[in-house]
Structures are given as structure tokens and as C-alpha cells.
Amino acid sequence: MVSLNPIRILKNEAEEEKAEIARMSSFIGAIAIGDLVKSTLGPKGMDKILVSSGRNAGQVEVTNDGATILKSIGIDNPAAKILVDMAKVQDDEVGDGTTSVTVLAAELLREAEKLIEQKLHPQTIIAGWRIAVEAARQALSEASFDHEKSLNEASLRADLENIARTTLSSKILSNHKEHFTKLAVDAVLRLKGSGNLKAIQIMKIGGGLLEESFLDEGFLLNKKVGVHQPKRIENANILIANTPMDTDKIKIFGSTIKVDSMAKIAELEVAEKEKMKDKVNKILAHKCNVFINRQLIYNYPEQLFADAGVMAIEHADFDGIERLALVTGGEIVSTFDTPEKVKLGHCKLIEQILVGDESLIRFSGVELGSACTIVIRGATQQVIDEAERSLHDALCVLAATIKEPKVVYGGGASEMLMAEAVSRAASRTAGKEAIAAEAFAVALRRLPSAVADNAGYDSADLIARLRAHHAQGEITMGLEMEKGSVGDMRKLGITESYVVKRQVLLSAAEAAEMILRVDNILKAAPRRRGPDRRPC
């Protein structure tokens, strides 16, 4: 006799969502994430306050950076997690466009939801989207202009400044964008096309105003020189190390030493000091006049370095000595038995300078001539942190543009251009795929619409006007947010990096396609913890 009870193959506490329920769950989660960050889009987007819990309870961050917002919130929905990961990849790859890519993916899924209600199969929608992506990418590539063909340094610098201004317009630095644009472009042009952002250090020092931030043509280290040691050294030979310099004290963990007199303890201490003295002599044998250690340098070795006239800097964090080794051309060492095999770092001058209340060590004339430090000042820690994120985004975009110096117009011009190209491709496509391709064009138009909404303008009117201009072939027209009208982006100098726009298009389409393919969500049963029967 056949049982009519459903057969369950999963564990009791495992969960399964099927077909339409699974798809709806994915759509709702992804669209909610898009709506969360949509209000931060554009030059007049709003900020979010993030309040930490747990170990950093009460810590407050104020930001409109999409990647920072999405990294900071706890998410349970699987589709929403895919969008968060996509935003992180966008941030790692090109540094900007994290909000745009999340919003575009969410809008694609919003349109997909409507198409599925019209009984279109997900695979048909995906086929239409692929036609749309190819048409949009081709239109974007054709509309981009490139200074490599007629390389003109002045034109390239002007384009980089326009891109930096556009990137910073939507950040906290928008009121000081001219000042920070110059800082970012100067720093990136010093790299001479290498794109090695590790050579640019960003240092945050509280106090002062944002416009007091400056670019220093050298490497700054927020540490102090040891007591009674030289504060200024010319033609420095730098030994960079990661080694313990605290063995002038008895430190044998888990051991018991029995002595029958205080003299024996004194003998042990003398032995330890002799051991440390040998180590310092090995370091001095490298003929260095500056010693920088990642770990602490205790009093006795510090005194020995002072007697030898060597500048010793302790507790330089790992990121600090890694970057220092890069810019001075040295190597990080842990043993000192073979001085002839160790590569020392070099710079022309090391001196102490004062920035605000902070005493810093400046390394001038380093071997990696492109190295520099941008010092950010600000009234509060939140302002400084957000300024650093904004500047980091601008530097990443500029570095990507230097590697691939293609530029497109901003202000929604590129999105509208791609949407019109997709609409034309859809009109030439036979079958249901044309409906999906047209839906892709609608999702692209939602990006400039969100920018206009966030500024408090009538988005329906502005997008209709912008669409009319593009239909007549005026592909440089975009949204001028200062006046709330449609303007020529070429005349206004509003440009963006082609690399960022291309990455936004491709990443959003891939993530939305991945989520649309899902027809089943399986959640594993939680692992049960048995009673702990181990002896105390």
C-alpha cells in the first residue's frame, strides 16, 4: 500500500524553500539591500549612521560609502549576501561604484520579478539580459574617449581632475573637492603610471580643518625616536627588522628557577644583558645608522643604540614597516648573522616634524621617488574616517584610469546612453528575450532617476527630458544637479572612469543572473552541542 505522507529527506531542523517561495525570498532580500543604499546615490545623497555592537559597542560611523554600509550590517538573507559580496569585489577592483552596482542589481531583480509574474521563464530573461549587456558594453566602449592615442599630459591631468571631482562630489569632501582633487591627482601622478597605491600613505591626525589636509613628498611615520638618540640623520642607511629586543630581562615562561642567593639572580641578569649586547653588536655590524623594529625596544638596547649614535625607532606596526621597506628599498630581517646578505634601505634625510600636536618622523628623498603621504586633518574622528574612505575611493579610481585611460561622461549620461542602446537592440530582437532586454534598459534608467530623487528634484520630468536628448543623438547630455536641469556634461567637465562604469554593468548583471537562477534554498540544520563531559 502506498503511503500518502510526504517523504522528508532532510534533518528535522533543516529548512527548505522551493520554487516561487525561494525566488520571492531572494528577490525581497536583494531589493531591500538596494533600497537601503539607494538614498546615498549621487552628489546630494544622504548619509547613514552605523552604531556598532559587541566588542566595539557604541562606536559610531557616519558614511555614505556603499561598501562600508553593507560590510557593517548583519544580513541573514542569502541573496542579500550575494549583493554584499559583489559590493566588496567592486570596492577591491576599482574602489568606487559600490552603491551603483548594488542599486543596479536590485533594480534588475525588481524588473525580473514583474517578468516572472507575466510567466516569462528565468532562462528567457537571462538570455534577454545577455543581449542587453553586450549592447550596453559596446555602446559604452564606443562612447569612451582615450588620451593614450594622442597622449597629452595636460589633457590627461584635466581628465583626472574631472574624474576626481565627480567621485568626491558624492562624498563628505564635496565642499572641499577642489583641494582634495589636487591632492589625489598629484599623489597618483607621482606614481608615474605604476598604479602602486601602496606607495601612497594616508595618515589621519585629529584637530584642525579638512582644508588643512596636505600632501607630503616623503614617508611619514607616527612614532618617536629613542631617548638620547639623534633626531636628524642625513644619508640614512636603514635596517628594518621584526625581532624581539626585550631579552635584557629574565623571561622564561612556565619555568621555575631556584636560587640560593640574590647574587645568582644578578648573574642571570648579567648573562641576559650580555646576550642582548651581542645582538646589538650584530645589528651595528650592518653599518646602519637607523634601526627600525616592529617590536618593542627595551631600555638597555635603546641605551646601547644611543651610545653608538644610531637612531632607533620601536613598535612600527607591520603595515608601517612593510610600506617603509617598499619605499626605502630595504628588506625586513629577523636574524643578523649575515650582514653581507641583508639589503638596507636608504633615504637622504630623516627628521622629526610637528603636525598639530603629533610628533612625526619624516623620511625624505626615499629610493621609491613616487612615495608620498597624505595627511588628513578634521574636527572629529568620524569626519576623518569618512574623509579617508572618500579619498581612498578617488585614489583607486584615478589609479585604474591611469592604467586604462578611458573616460566616459557622468551625470547619468552613460546610463542613459547604455539604456538607449539596449532599447534599440531589444527592438531588433525576436521573441520574448526582447521584453527582458527592454526591462534591462528600464533598470539602467532607474540609476539617474534615483540621483534626481535624492536631490529632491522631479525625476520623472528630468529623465523624460534626458531621454529625449539622447534619442536625438545628444549623448553628452546628463543631469546637472546644481541647477536641477539637463546639461552638457562635456562643457561642465563631469567625467567618470570607463573602468568603473564597465565593472558596475558587468558585476550587477552577473549577480542578478545568479540570483534569478535560484529555485531552491536549503538551510542546514544547526549543529547540536552535546554535554561537556570533560574533566575540569
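These are my notebook entries on cysteines, a helix pair, salt bridges and one lysine in a predicted model.

**Entry 1: cysteines**

I began with the cysteines and looked for disulfides, for which the count comes to 0. To see why, I took Cys288 and looked up its closest cysteine sulfur, which belongs to Cys347 and lies 13 Å away, too far for a bond, given that a disulfide needs the two sulfur atoms within 2.5 Å. I also noted that Cys288 is buried, its relative accessible area being 7%. I then turned to Cys372, where the closest cysteine sulfur is that of Cys396, at 14 Å, and this again is too far for a bond. Cys372 is buried as well, with a relative accessible area of 0%.

**Entry 2: helices H5 and H16**

Next I looked at how helix H5 (residues 122-143) packs against helix H16 (residues 498-516), and I found an angle of about 175° with the axes 10 Å apart. That angle makes H5 roughly antiparallel to H16, because angles over 145 degrees count as such. I listed the residues that make the contact: H5 contributes Pro122, Ile125, Ile126, Trp129, Arg130, Val133, Ala136, Arg137, Leu140 and Ser141, while H16 contributes Tyr498, Lys501, Arg502, Leu505, Leu506, Ala509, Ala512, Glu513 and Leu516. Sorted by class, the contact of H5 with H16 holds 13 nonpolar, 1 polar and 5 charged residues.

Since Lys501 is among the H16 residues in this contact, I looked it up separately. Lys501 is buried, with a relative accessible area of 8%, and its side chain forms a salt bridge with Glu496, in which the closest N and O atoms are 3.5 Å apart.

**Entry 3: salt bridges across the sequence**

I then went through the salt bridges, of which the count comes to 33, and I picked out two pairs to follow in detail.

The first pair I followed is Arg446 with Glu107, whose side chains meet in a salt bridge at 2.6 Å, N to O. Arg446 sits in helix H13 (residues 433-454) and Glu107 in helix H4 (residues 98-117), so this pair ties together parts that are 339 residues apart in sequence. I checked the accessibility of each partner: Arg446 counts as partly exposed at 24%, whereas Glu107 is buried, with a relative accessible area of 1%.

The second pair is Asp216 with Arg362, a salt bridge in which the closest N and O atoms are 2.9 Å apart. Here the partners lie in strands, Asp216 in S6 (residues 214-216) and Arg362 in S13 (residues 358-366), so the pair ties together parts that are 146 residues apart in sequence. Asp216 is buried, with a relative accessible area of 7%, while Arg362 is partly exposed, with a relative accessible area of 22%.

I also asked which residues are joined into one network by salt bridges that share partners. The network consists of Asp35, Lys38, Glu107, Arg110, Glu111, Lys114 and Arg446, and I noted that the Arg446 and Glu107 pair described above has both of its residues listed there.

**Entry 4: Lys273**

Last, I looked up Lys273, which is found in helix H8 (residues 262-284). At 37% relative accessibility, Lys273 counts as partly exposed, because that value falls between the 20% limit for buried and the 50% limit for exposed. I closed by taking the separation of its C-alpha atom from that of Ala187, and for these two residues, 86 apart along the chain, the separation is 46 Å.

How values were computed
Residues numbered from 1 in each chain as written. Predicted model: local features only at pLDDT ≥ 70, side-chain atom pairs only at ≥ 80, totals over all residues. Heavy atoms only, no water. Buried < 20%, exposed > 50% of the residue type's maximum accessible area, 1.4 Å probe, protein only. Axes fitted to C-alpha atoms, helices over the stretch in contact; angles between N-to-C directions. Helix = DSSP H or I, 4+ residues; strand = E, 2+ residues; numbered from the N terminus. Parallel < 35°, antiparallel > 145°, perpendicular 65-115°, else oblique. Contact = heavy atoms within 4.5 Å. Nonpolar A, V, L, I, M, F, W, Y, C, P; charged D, E, K, R; others polar. Salt bridge = Lys/Arg side-chain N within 4 Å of Asp/Glu carboxyl O.
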